[in-house]
Amino acid sequence: MCFRCIALCTYKRINHGVQQESLHLDPTKMLCLIHLLLLLLPSIMSGLRLCPSSCLCYESSDLVDCRSQGLDQVPPSIPHGTWLLDLSGNRVREVHSDSFMGLWSLKFLLMSNNSMHALHPQSLSSLQFLERLDLSFNRLRWLPQDFTLHLSSLQELRLDHNLMQHVDSSSLRNCDNLRKLDLSYNRIRTIDIKAFNSLSRLRFLNLERNRLNMLKYGLMSRQQSLEVLLLSYNNISEIEAEALAPLRSLTLLGLQGNQLQHIKFKTFLKLQTISTHLQMSLNPWTCDCDLQRVFGKIQFVRHLHVEDYKAILCYAPPQQAGSTLASMDSQLCMAETASVLVITITVVLAVIGALVKAERNRKNKQAASDAESSDK
């Protein structure tokens, strides 16, 4: 029903009644008509869709476009039926608890390339049906503890290119439906061991370009559905033996550009997947027989594939620096075997020499003893 038509019709009736009755108006009738107008007013106002002056509102699709308008706060009067709100490329610094109040239908919220340094508690509490949230390219250093308290429908969260240094166990606690999480290009040094516990449906996790130095056992304990784990360009020097064991669906593991010198075959043997591609180059590898044996064993495991094996360069020892591990083939172990053989032969010869010398000394002593007996 057209609410404007109702209002117009009502107005005409009032006007017509005024013209007919002139100054002899029935107070009861007038009171009824005014009451009718008051009842219809909310409906009339809802029919007139509001839109922030600096935004474009597409009524047919319920999209609100506020991109690159120089806004320093979330504008008021956003239509309540909006399902996509684009605020990217502005200068919004904070999101307050009432910034998105009443936007129950919102499914996509894009706020990348702003100047946000803080999300206030309960700032996203009304967005229970939100599916995608983009907060990339901001200045966020931390997330409030109730950040995801009401975001039970969230499937994709972008927090890349911020200034975060730590991920605690409460910030992502209620994201049961999250499929994609991007935390790349931050300054993350530490992650609470239970930070990802509720993310059992996560399929994509990007932690590239942070400052992690270790992959601990237990951090990925609930990520059986994880398919892509990107850890390249951190400071990782150690992967605990059981750290990758829960990742039964993993198809890609990126470990390029870290501080790995040695790895254990057991760590990767725990990956019981159908097929997993490994990216391992650009690490300061110490090329010795142990490392060559580990990579040799990995290549014989049917479901493991080192994509960049031919690009793995030796960093140490100095005589191997700059050479590819693949070009060494089995030389490292042969050289080690030869060294062991030389040492073994040297030791054997030394032992034999010592035995011969001991035997000679014994005989000399025996001869001297016999000579003394004869003189007597």
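**Notes on the disulfides**

1. With 90° about the S-S bond, the Cys51–Cys57 link comes out right-handed. Keep in mind that this is a predicted model. The two sulfurs of Cys51 and Cys57 sit 2.0 Å apart and are joined as a disulfide.

2. How exposed is this first pair on the list? Cys51 has a relative accessibility of 33%, so it counts as partly exposed. Cys57 is partly exposed too, with a relative accessible area of 22%. The cut-off matters here: buried means under 20%, and Cys57 is at 22%.

3. Next up is Cys55 with Cys66, again a disulfide, with an S to S distance of 2.0 Å. The link of Cys55 and Cys66 is right-handed as well, with 110° about the S-S bond. As for what it holds together, Cys55 is in the loop between helix H2 (27-47) and strand S1 (56-58), while Cys66 is in the loop between strand S2 (63-65) and strand S3 (84-86), so the bond ties together parts that are 11 residues apart in sequence.

4. Are Cys55 and Cys66 buried or exposed? Cys55 counts as buried because its relative accessibility is 8%, and Cys66 counts as buried because its value is 0%. Set that beside Cys51, which is partly exposed at 33%.

5. Further along, Cys289 and Cys333 form a disulfide, with their sulfur atoms 2.1 Å apart. This pair links distant parts of the chain: Cys289 belongs to helix H4 (residues 289-299) and Cys333 to helix H6 (residues 331-375), and 44 residues separate them. For handedness, the link of Cys289 and Cys333 is right-handed, with 100° about the S-S bond. If you're wondering about access, both Cys289 and Cys333 are buried.

6. One more cysteine to look at while you have the model open is Cys175. Its relative accessibility is 0%, so Cys175 counts as buried.

7. Now the overall tally. How many disulfides are there? The count comes to four. Numbering the bonded cysteines along the chain, the pattern reads 1-3, 2-4, 5-7, 6-8. When you trace it on screen, you could start from Cys51–Cys57 and Cys55–Cys66, then move on to Cys289–Cys333. As a reminder of what is being drawn, a disulfide is a covalent bond between the sulfur atoms of two cysteines.

Terms used: Residues numbered from 1 in each chain as written. Predicted model: local features only at pLDDT ≥ 70, side-chain atom pairs only at ≥ 80, totals over all residues. Heavy atoms only, no water. Disulfide = S-S within 2.5 Å. Buried < 20%, exposed > 50% of the residue type's maximum accessible area, 1.4 Å probe, protein only. Helix = DSSP H or I, 4+ residues; strand = E, 2+ residues; numbered from the N terminus.
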